[in-house]
Amino acid sequence: MICIKPRTPRQRWLLVLLFLLSGWNREIAAQTTQNINVLFINEVDNEPAAKAVNVVLTYLKKNIHLGLSVQLDSIEANKTDAKVLLEAICNKYASSIEKKQTPHLILDTTKSGVASETVKSFTQALGLPTISASYGQEGDLRQWRDLDETKQKYLLQVMPPADIIPEVIRSIVRRLNITNAAILYDDTFVMDHKYKSLLQNIQTRHVITAIAKDGKREREEQIEKLRNLDINNFFILGNLQSISMVLESVKPAYFERNFAWHAITQSEGEVSSQRDNATIMFLKPMAYTQFRDRLGLLRTTYNLNEEPQLASAFYFDLALRSFLTIKEMLQSGAWPKDMEYLNCDDFQGGNTPQRNLDLREYFTKVTEPTSYGMFDLVTQPKQLFNGYSYMKFEMDINVLQIRGGSSVNSKSIGTWTAGLDSPIVVKDEEQMKNLTADTVYRIFTVVQAPFIMRDETAPKGYKGYCIDLINEIAAIVHFDYTIQEVEDGKFGNMDEKGEWNGIVKKLIDKQADIGLGSMSVMAEREIVIDFTVPYYDLVGITIMMQRPSSPSSLFKFLTVLETNVWLCILAAYFFTSFLMWVFDRWSPYSYQNNREKYKDDEEKREFNLKECLWFCMTSLTPQGGGEAPKNLSGRLVAATWWLFGFIIIASYTANLAAFLTVSRLDTPVESLDDLAKQYKILYAPLNGSSAMTYFERMANIEQMFYEIWKDLSLNDSLTPLERSKLAVWDYPVSDKYTKMWQAMQEAALPATLDEAVARVRNSTAATGFAFLGDATDIRYLQLTNCDLQVVGEEFSRKPYAIAVQQGSHLKDQFNNAILTLLNKRQLEKLKEKWWKNDEAQAKCEKPEDQSDGISIQNIGGVFIVIFVGIGMACITLVFEYWWYRYRKNPRIIDVAEANGDRSNVKDQPGKMVDGVILGNSGERFEKSNAALRPRFNQYPATFKPRF
């Protein structure tokens with residue numbers, strides 16, 4: 001203690017004045033200081049709240065101008081035993097009643113769960129004014145869910161910052177259009193009440209789970225399980241240590257472009273992690289600029305240093321505001337003077353004291369400055385206060401690059417103001433897009449034209465109907481994909497052990513997100529995976545066979561009759577012609593032997609050998625042979641030849657028509673029943689295909705029906721009448737598919753489509769093979785190959801759809817996209833492109849149809865006959881001209897020369913040189929002789945015409 005000795009009277013007067021003034025100030029302070037009683041209920045491990053309330057008490061003592069003295073009773077609430085906690089609260093409350101120090105206020109900083117609901121039940125039942133900092137929005141505080149208007153005025157809740165911070169996830173998801181999310185949190189956040197409300201009414205598939213605490217291996221397994229759920233957007237809610245542990249448990253592959261990591265914390269430090277290369281979005285709170293000085297003062301002067309600073313500042317501001325509210329109500333007379341306090345033992349369930357107390361009004365009017373952010377309290381009387389009041393602050397959004405175990409670059413790209421529906425404010429759009437995970441789905445497929453075909457020039461290495469379809473869907477749903485073929489080339493079938501193969505197995509094992517191709521919707525597949533709405537019409541099973549190649553020949557009309565028949569006809573022709581010539585030559589009644597008798601007839605025909613040949617030939621034509629012989633014997637021969645020719649022509653015409661018709665109708669199999677009834681042609685589907693499954697099951701069903709019928713027929717418990725109703729001669733159950741399945745197994749099922757096509761093409765008349773498969777595959781093979789054909793109608797029709805994992809969100813998204821494409825007729829355009837306008841379509845000759853006429857390939861020989869006949873006629877004409885002009889032309893000589901020649905032959909009277917025509921010679925006859933033609937003006941006396 002320091003003593004000052006006054007030296008002058010003036011100094012003595014000053015000391016007396018200071019003493020009086022100090023005593024007066026102490027008296028005034030004693031008169032204006034308001035004493036209040038507070039019951040403080042805090043949850044175990046909530047150190048920021050406990051430390052903040054103690055700092056408030058210190059603050060009030062050092063700031064006497066506030067005129068407030070707090071008598072604080074504290075209770076530490078356990079998280080599990082509600083009975084023990086309620087007894088502790090009731091005992092403490094009863095003790096305060098006995099001491100006549102009843103609490104003016106219950107300050108509740110329990111977080112959630114059993115402790116929070118126990119406190120809410122206690123205060124609501126006894127009608128005690130309460131200000132709570134528990135977690136939860138509207139309806140989450142079950143004991144305060146249905147408060148009347150009176151209780152809503154004195155039972156108040158202000159959400160802590162850790163309850164508001166998770167709302168930034170909702171803002172990020174909406175801003176970046178995130179479709180899937182995994183939210184990991186530690187014990188610094190309470191997310192029990194957020195499972196439904198956090199991303200409510202947002203089409204985002206999400207999982208909220210606590211961070212595994214057992215070790216790094218458990219965290220790796222946890223992240224792997226989340227990845228198997230097709231999640232590539234991860235949010236980490238926790239302190240800096242928890243964020244670091246999670247990042248160090250992630251595989252390097254999960255930091256690629258198709259993944260996004262968001263770290264959100266209440267702390268204000270920086271993340272440090274042993275990652276070599278990672279880029280994340282990092283969000284941390286920051287105090288408003290106008291409050292930083294006050295926060296610094298509290299930290300240095302009052303030791304408000306508990307981490308996180310945000311939570312400590314909130315609890316400090318809330319407690320101080322609550323105490324000042326009670327003080328203001330007491331001093332203003334708003335606090336009832338005769339408050340009734342009911343003991344726990346006196347509560348009967350409906351005797352809650354009525355309170356005329358408006359704590360809410362005075363709480364919202366407190367003007368004491370805050371230290372971190374500002375309170376955003378509901379001030380409208382008709383609006384709910386609880387679940388909508390909180391402290392507003394800002395969070396800084398940074399892009400953080402971690403290299404070599406430390407943060408090498410941190411850049412602020414936006415901010416978020418804490419609120420229930422507050423959007424994020426972006427400063428750098430480009431950086432924000434770079435932090436967005438590219439939605440990349442894993443597609444497994446089976447190559448099957450025209451749905452999936454390899455193409456090295458295509459962007460993804462494949463082309464086809466399904467590639468165009470998935471690209472259209474990707475443009476609507478906004479995603480990218482990787483595509484690869486399944487190793488075994490199967491869509492998926494279940495074996496006897498219940499295990500799957502092919503694409504179905506990939507989807508079950510979470511190795512694939514989408515199964516793409518001509519994949520049929522089957523009941524057993526729908527048990528383990530999901531299908532979208534069909535993108536293709538109902539497709540059944542049909543039969544593919546080699547197209548029969550009927551041999552075509554230009555002289556096919558000659559093959560109607562066998563060679564020996566043609567030879568016999570030719571022999572009959574020559575024999576009849578010769579016989580007619582003989583009869584006409586020797587018959588006394590023929591023309592050539594009775595010229596005088598028939599000299600007045602208009603038609604005079606001498607049947608020499610040439611005429612007989614011509615007559616028999618022309619008799620076979622509709623033109624007829626002309627004049628018949630005069631003699632009766634010749635006419636009998638002609639009549640016989642006519643009858644012979646009529647029968648031959650009629651038989652040839654009928655057989656030609658039948659021959660051409662039968663050659664076009666020669667189709668051995670036209671339906672599945674035809675295939676089942678014959679044994680000459682082998683048949684089988686692909687091994688492991690849906691067609692194989694169909695025939696196998698049909699055979700099993702027939703066998704099961706047979707066993708049922710047999711058991712019924714041999715059942716001794718049946719009466720004779722009942723047994724007689726089962727007695728039939730015919731087999732009541734068909735064994736069609738049983739026999740077909742047996743025949744397929746004997747024929748050996750082809751392993752691939754190429755093998756099946758090769759077996760069909762290698763078919764012969766003795767060893768035929770028919771392939772049974774999907775109608776689309778077979779029709780495309782027919783479209784691109786001229787030697788294959790579709791036989792029969794489709795059966796067992798099923799739709800094609802896209803396969804996804806069971807419960808996958810892609811099902812609904814793809815359904816909407818496919819229906820959109822269907823309404824736009826885009827699917828019809830794809831079908832037109834890959835079926836009617838496909839470049840691979842083969843240019844095949846039109847197959848002969850029963851309604852078609854005779855083709856030129858089969859009847860063209862008749863035109864050759866015409867051309868050959870015309871050619872022979874031309875050659876004959878030339879020969880005739882040459883023969884007559886140079887071999888039979890008469891020689892013109894002079895008369896004098898003729899006289900000389902005659903003198904040489906006068907010893908031979910009556911002889912004349914053959915081929916000599918007498919004529920004049922000389923210059924005046926040269927001109928006329930030049931125009932002389934070798935022509936006889938009249939027949940010589942000895943000339944006998946032959947033609």
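This passage walks through the overall make-up of the chain, one of its helices, a surface patch and its cysteines.

The model is a predicted one, so local features need pLDDT of at least 70 and side-chain atom pairs count only at pLDDT 80 or more, while totals for chains, interfaces and linings use all residues. Residues are numbered from 1 along each chain as its sequence is written, and side-chain values use heavy atoms, with hydrogens and water left out.

Starting with the whole protein chain, the secondary structure comes to 31 helices and 28 strands; helices (H or I, at least four residues) and strands (E, at least two) are DSSP runs, numbered from the N terminus. Of the 947 residues, 44% are buried, where buried means under 20% relative accessible area, exposed over 50% and partly exposed in between (1.4 Å probe, protein chains only). The accessible surface adds up to about 52600 Å², with 53% of that belonging to carbon and sulfur atoms; areas come from the Shrake-Rupley method with a 1.4 Å probe, and for residues only the protein chains shown count as cover. Take the contacts (heavy atoms within 4.5 Å) between residues at least 6 apart in sequence: 72% of them join residues at least 24 apart.

Helix α11 takes up residues 309-332, and its end C-alpha atoms sit 34 Å apart, in agreement with the 34 Å that its 24 residues should span at 1.5 Å a residue. That expected span is 1.5 Å times one less than the number of residues. Most of α11 is covered, with 20 of its 24 residues buried. Right after α11 comes Gly333, with a positive phi near 85 degrees.

Helix α21 (residues 690-713) is where Ile708 is found. At 47% relative accessibility, Ile708 counts as partly exposed.

On to the cysteines. A disulfide is a covalent bond between the sulfur atoms of two cysteines, taken here as a pair of cysteine sulfur atoms within 2.5 Å. That rule gives 1 disulfide, which joins Cys90 to Cys344 with an S to S distance of 2.3 Å. The link of Cys90 and Cys344 is left-handed, with -90 degrees about the S-S bond. Cys90 lies in helix α3 (residues 82-98) and Cys344 in the loop between α11 and α12 (359-364), so the pair ties together parts that are 254 residues apart in sequence. Cys90 is buried at 15% relative accessible area, and Cys344 is buried at 18%. Cys612, by contrast, is in no disulfide, and the nearest cysteine sulfur, that of Cys616, is 6.7 Å away. Cys612 also counts as buried, at 0% relative accessibility.
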